Amino acid sequence: MNHLKDTFKHKGKRKMLIEELKSKGISNKNILDAFDEIPRHYFLDLAFEEQAYTNMAFQIGSGQTISHPLTVAFQTQLLEIEKGMKVLEIGTGSGFQTCILAKIGAKIVSIERHRELHLKAKKMIEFFNIQAKLFFGDGYAGNTAYAPYDRILVTCGAPEVPNTLIKQLKIGGLMIIPVGEGEEQKMLKIIKKNNEEYSILEYGTFKFVPMLERTVK
Ligand code: SAH
């Protein structure tokens with residue numbers, strides 16, 4: 001954890017990143033404010049501190065990466081979150097997006113399959129005094145204890161849309177999930193109309209780490 005200091009330099013770079021996000025279509029003020037409130041460099045190794053506010057992904061351990069800031073902002077904007085909504089996140093990773101979602105008023109349940117990352121993210125959540133329920137587990141199972149969810153966010157590339165997750169989505173709810181078999185995925189927004197009908201919208205091509213089954217201790 002790199003939460004030694006949040007200097008003027010960090011703050012300045014953060015403002016510039018926020019301007020970049022705005023210029024690339026992120027218009028939701030709550031999201032932009034959350035990016036200002038949650039210093040991204042705290043989630044990175046010291047080695048990446050200088051670049052923390054560039055639109056890049058970085059290694060966070062266990063062979064995983066923190067998503068590009070624009071990807072985090074883009075997925076979060078697609079989620080159309082209203083205060084108090086129950087959100088299930090698959091792939092806690094660094095916990096950065098979990099914190100952003102909590103800041104904009106979501107009640108978050110988040111699952112990570114790597115124990116090491118899960119434990120690190122827990123520390124970050126505590127550090128920021130953020131209320132979120134983090135679980136070590138396989139996201140393919142979702143979390144029935146808190147279902148159904150208003151929103152489901154998948155932050156890893158899924159080979160297909162997992163049925164278990166669709167089941168845990170409220171009617172009228174929506175899921176944002178990158179879907180694709182290979183290195184690239186299509187960002188999908190799935191709206192659950194009723195138990196049989198869904199509408200699917202597509203939002204471009206992305207590169208996520210894969211959504212894999214089973215946990216890693
Ligand atoms: N939003 C996070 C993204 C991390 S990358 C961030 O910016 O830090 C995606 C994460 O999904 C990785 O940490 C990976 O371990 C996790 N993941 C992959 N398959 C999973 C599964 N089946 N269940 C839970 N987490 C999974």
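Helix α4 (residues 96-103) lies across β3 (86-90), β4 (107-112), β5 and β6 (149-154) and runs at about 170° to β4, where contact means heavy atoms within 4.5 Å and angles run from 0 to 180 degrees between N-to-C directions of axes fitted to C-alpha atoms, for helices over the stretch in contact. Helices (H or I, at least four residues) and strands (E, at least two) are DSSP runs numbered from the N terminus. The model is predicted, with local features needing pLDDT of at least 70 and side-chain atom pairs pLDDT 80 or more, while totals for chains, interfaces and linings use all residues. Residues are numbered from 1 along each chain as its sequence is written, and side-chain values use heavy atoms, without hydrogens and water.

The open sheet has seven strands in the order β5-β4-β3-β6-β7-β8-β9, with mixed pairing; two strands pair if DSSP finds at least two bridges between them. Its edge strands, β5 (132-136) and β9 (198-206), each pair on one side only. Strand β8 (residues 185-192) runs antiparallel to β9 and is joined to it by seven bridges, with Ile191 opposite Ser199 in β9.

The lining of the largest pocket (a pocket being an open set of points on a 1 Å grid over the protein atoms alone, where a 1.4 Å probe fits, with protein on both sides within 12 Å along at least five of seven lines; lining residues have an atom within 4 Å of a point) divides as follows.

| Class | Lining residues |
|---|---|
| nonpolar (Ala, Val, Leu, Ile, Met, Phe, Trp, Tyr, Cys, Pro) | 14 residues |
| polar (the others, Gly among them) | 15 residues |
| charged (Asp, Glu, Lys, Arg) | five residues |

β2 gives the most to this lining, with three residues.
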